[in-house]
Amino acid sequence: MREGLVPTVLGTAVTASGAALRGKFPVVGWGIVGFGLAHIVLGAIDLVEHRK
């Protein structure tokens, strides 16, 4: 399994759940979306750095 793939997939799931929460709890939802997007970015950096 490629390094960085797990944080990217996890970040996608966290971002989706944060987007679902935005309707009922907007501040919490946006915070979770930001946390998920940070995981996506860091995972993508790992994927680019460790490609063969």
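Let's start with Thr8, which is buried, with a relative accessible area of 16%; the cut-off for that word is under 20%. Keep in mind as you look around that this is a predicted model. Thr8 sits in helix α1. If you set aside the neighbours within four places in sequence, the residues in contact with Thr8 are His39, Ile40, Gly43, Ala44 and Leu47.

Now step back to the helix itself. Helix α1 covers residues 5-21, and at 1.5 Å a residue those 17 residues should span 24 Å. The C-alpha atoms at its two ends are 25 Å apart, which agrees with that expectation.

Which residues of α1 are buried along with Thr8? They are Gly11, Thr15 and Gly18. Looking down the axis of α1, you will find the buried residues within an arc of 90°, so they line one face of the helix. And what covers them? The cover includes α2, the helix of residues 26-49.

Turn the model around and the picture changes. On the face of α1 directed away from its buried side, you meet the exposed residues Val9 and Ala20. Val9, a residue of helix α1, also takes part in a nonpolar patch on the surface, together with Met1, Leu5 and Val6. Taken together, the members of this patch have about 440 Å² of accessible area.

So helix α1 can be read from two sides: Thr8, Gly11, Thr15 and Gly18 are its buried residues and line one face, while Val9 and Ala20 are exposed on the face turned away from them.

Definitions and conventions:
Residues numbered from 1 in each chain as written. Predicted model: local features only at pLDDT ≥ 70, side-chain atom pairs only at ≥ 80, totals over all residues. Heavy atoms only, no water. Helix = DSSP H or I, 4+ residues; strand = E, 2+ residues; numbered from the N terminus. Expected span 1.5 Å × (residues − 1). Buried < 20%, exposed > 50% of the residue type's maximum accessible area, 1.4 Å probe, protein only. Arc of directions from axis to C-beta. Contact = heavy atoms within 4.5 Å. Patch = residues over 30% accessible without salt bridge, like charges linked within 9 Å, V, L, I, M, F, W, Y side chains within 5 Å. Areas by Shrake-Rupley, 256 points an atom, 1.4 Å probe, with all protein chains shown as cover. Salt bridge = Lys/Arg side-chain N within 4 Å of Asp/Glu carboxyl O.
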